[in-house]
Structures are given as structure tokens and as C-alpha cells.
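Let's take a walk through this one together, starting with how two helices sit against each other and then moving on to the charged side chains. Keep the structure open as you read.

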Amino acid sequence: MLQILLVEDEINLRSRFRKLLEDVIGGCKVVGEASNGLEALEWLKTNVTEIVITDIRMKDMNGIELMKRLKEQSPSMPMVIISGYSDFAYVREALRYEVTDYLLKPLDRVELAHVIQKLTNKLKGNNTIHMEQPLQTLSTNTMSSDPVDVVKERQIIRKIKEIITLRLEQDISLQYLADQVHLNHRYLSVLFKTETGINLSDYVTKCRMEKAKGLLKHTQLKIQDISRLVGYPNNKYFMSVFKQVVGFTPTEYRDHDH
């Protein structure tokens with residue numbers, strides 16, 4: 001289990017990071033906490049950790065100075081920055097001290113999970129980063145149990161469904177939907193499957209087929225026009241998908257229904 005020293009001056013935020021690392025991402029333990037760089041260095045005099053995760057802006061000693069001191073004392077100690085600042089000067093200083101990663105607040109759980117997995121593999125002597133492994137873990141552990149977060153995640157799913165309904169005629173990609181709700185696309189994919197029980201791409205196809213069935217039943221539009229209206233510029237591909245999902249060709253469905 002990866003041991004972490006967590007350095008963050010806001011106690012509530014520190015508590016949330018600990019919960020996220022230990023209870024949501026898993027495979028790691030916060031063995032020490034400090035509110036600034038000085039406290040972190042004092043803690044390290046009598047304790048050991050495998051990595052340090054630190055904020056940048058803190059009183060008494062900031063994260064950059066802490067990195068500098070740690071680089072002198074423990075050159076191989078991996079360090080991860082979690083900061084609300086994307087200022088290039090901070091990033092440049094962090095790179096100078098060979099920071100392992102620089103993550104921005106609000107923290108992306110998937111990004112942090114990847115960083116933890118990468119460091120775990122590295123410390124085990126396995127430098128291969130298995131990108132899918134954290135996502136498989138996320139599918140069962142990452143969805144929040146916090147009631148506030150659960151409500152927010154369900155609101156996100158409702159918004160995604162509304163966007164899909166309104167824009168079926170457009171090219172709807174996972175990345176496009178993730179951009180609309182400001183989430184990582186991998187995280188959105190896992191969240192949608194967890195909340196609805198269906199893959200996002202399958203849900204989009206289902207909505208397109210339902211709209212197509214309605215247009216076939218209630219209009220006399222040509223098949224190629226219906227194909228475009230439900231997001232398939234290629235009507236042959238549309239007919240193939242329709243047959244696969246509905247069990248009839250569009251023409252058979254229209255004739256059978258009437």
C-alpha cells in the first residue's frame with residue numbers, strides 16, 4: 001500500500017483529499033499530514049513515507065521551497081503538486097525539482113488515480129502504466145458515496161441525457177459530451193454506466209432508433225432524410241444499425257406499422 005505524506009494548509013481540503021485517496025481511489029494510505037513545508041520537514045525527521053503530495057501556496061514554507069529542500073535531502077522522493085494555480089512560473093519551478101506530476105484543483109479523480117497507479121508501479125519496480133487498471137477500479141470504487149456528490153453526479157447524467165435528446169442529428173462523441181459538463185471523458189463514461197446501467201454510446205444509439213421509429217411511424221419522410229435527422233449522414237449505415245437494433249429494416253418497420 002502506497003504511503004503518502006499529505007501537505008495542505010486547508011484542513012477541510014486535506015480531510016477530503018485523504019478520504020479520496022484512501023476510500024475512493026484505494027491502494028494507498030495517508031501516513032502523515034502537515035499544513036506547510038516546515039511541518040512536513042519536521043514530520044520527516046522521525047517518520048517515513050514513499051511519496052509527498054503537496055499544495056503550492058502555504059504560509060511559513062510553500063510547496064516549491066519544500067520540494068527544493070526534499071530534493072537536497074531525499075533526491076529520489078517522488079513529489080506530486082496539487083494546486084489551484086496553473087501559473088507557468090510555478091510549473092517551471094516544479095519541473096526544475098523534477099516533480100512527478102502537477103495536478104490542478106478542482107482535482108480530477110481519474111487523473112489522481114492514474115498518478116497513484118503510476119507511482120505504485122514505479123515503486124514496485126514495474127514502470128509500465130496500465131491505463132485501464134485504474135478505470136476498472138473506478139467502475140466499482142470511484143463513484144462518490146457523499147450524498148452531495150451523488151446528487152451532483154445524477155444532475156450531470158440528467159444534463160447529458162438532455163443534450164443527447166436535443167442534438168441527436170449531430171455527431172455526438174464522448175469527448176464532446178464530457179466537454180459540455182467539464183468532466184474527464186473516461187470518468188464520464190464510467191459514471192454514466194454506473195448510474196444508468198448502459199454504455200453511453202449504446203444509449204445514444206437507442207435514442208436515435210426511438211426517434212427514427214417515431215419519424216417512420218408519423219411522417220412520410222424519405223429514409224435518407226430520417227437517417228440525417230437521427231445523426232447518420234450515411235443512410236446505408238443507418239439502415240444496417242436500425243435492422244440490428246429493431247429487427248426490421250426501416251421500410252419493413254414502416255410497412256408493418258401501417
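Before we look at the packing, one bit of vocabulary: an axis here is a line fitted to C-alpha atoms, for helices over the stretch in contact, and the angle between two axes runs from 0 to 180 degrees between N-to-C directions. Two packed helices are described by that angle together with the distance between the axes. Keep in mind, too, that what you're looking at is a predicted model.

Now find helix 2, residues 37–46, and helix 3. Their axes are 9 Å apart and meet at an angle of about 25°. Angles under 35 degrees count as roughly parallel, so helix 2 and helix 3 are roughly parallel to each other. As for handedness, helix 2 passes helix 3 in a right-handed crossing. Which residues make the contact? On the helix 2 side they are Gly-37, Ala-40, Leu-41 and Leu-44, and helix 3 brings Leu-66, Arg-69, Leu-70 and Gln-73. Sort the residues of this contact by type and you get 5 nonpolar, 2 polar and 1 charged.

On to the salt bridges. How many does a search of the whole structure find? The count is 10. A good place to start is Lys-105, whose side chain meets that of Glu-8 in a salt bridge, 3.1 Å from N to O. Lys-105 lies in the loop between strand 5 (101–104) and helix 5 (109–123), while Glu-8 lies in the loop between strand 1 (2–7) and helix 1 (11–25), so this pair ties together parts that are 97 residues apart in sequence. Is Glu-8 buried or exposed? At 1% relative accessibility, Glu-8 counts as buried. Lys-105 is partly exposed, with a relative accessible area of 24%.

Lys-105 also forms a salt bridge with Asp-55, at 3.4 Å from N to O. Asp-55 lies in the loop between strand 3 (51–54) and helix 3 (63–73), so here the linked parts are 50 residues apart in sequence. Asp-55 counts as buried, at 5% relative accessibility.

Another salt bridge joins Glu-195 and Arg-154, with the closest N and O atoms 3.4 Å apart. Glu-195 is in helix 9 (residues 185–196) and Arg-154 in helix 7 (residues 147–166), so the pair ties together parts that are 41 residues apart in sequence. Both partners are partly exposed: Glu-195 has a relative accessible area of 29%, and Arg-154 comes in at 46%. Finally, Arg-14, Arg-18, Glu-22 and Glu-33 are joined into one network by salt bridges that share partners.

Technical notes
Residues are numbered from 1 along each chain as its sequence is written. This is a predicted model: local features need pLDDT of at least 70, side-chain atom pairs count only at pLDDT 80 or more; totals for chains, interfaces and linings use all residues. Side-chain values use heavy atoms; hydrogens and water are left out. A salt bridge is a side-chain nitrogen of Lys or Arg within 4 Å of a carboxyl oxygen of Asp or Glu. Helices (H or I, at least four residues) and strands (E, at least two) are DSSP runs, numbered from the N terminus. Buried means under 20% relative accessible area, exposed over 50%, partly exposed in between (1.4 Å probe, protein chains only). Angles under 35 degrees count as roughly parallel, over 145 as roughly antiparallel, 65 to 115 as roughly perpendicular and the rest as oblique. A crossing is left-handed if the near helix is turned anticlockwise from the far one by less than a right angle, and right-handed if clockwise. Contact means heavy atoms within 4.5 Å. Ala, Val, Leu, Ile, Met, Phe, Trp, Tyr, Cys and Pro count as nonpolar, Asp, Glu, Lys and Arg as charged, and the others, Gly among them, as polar.
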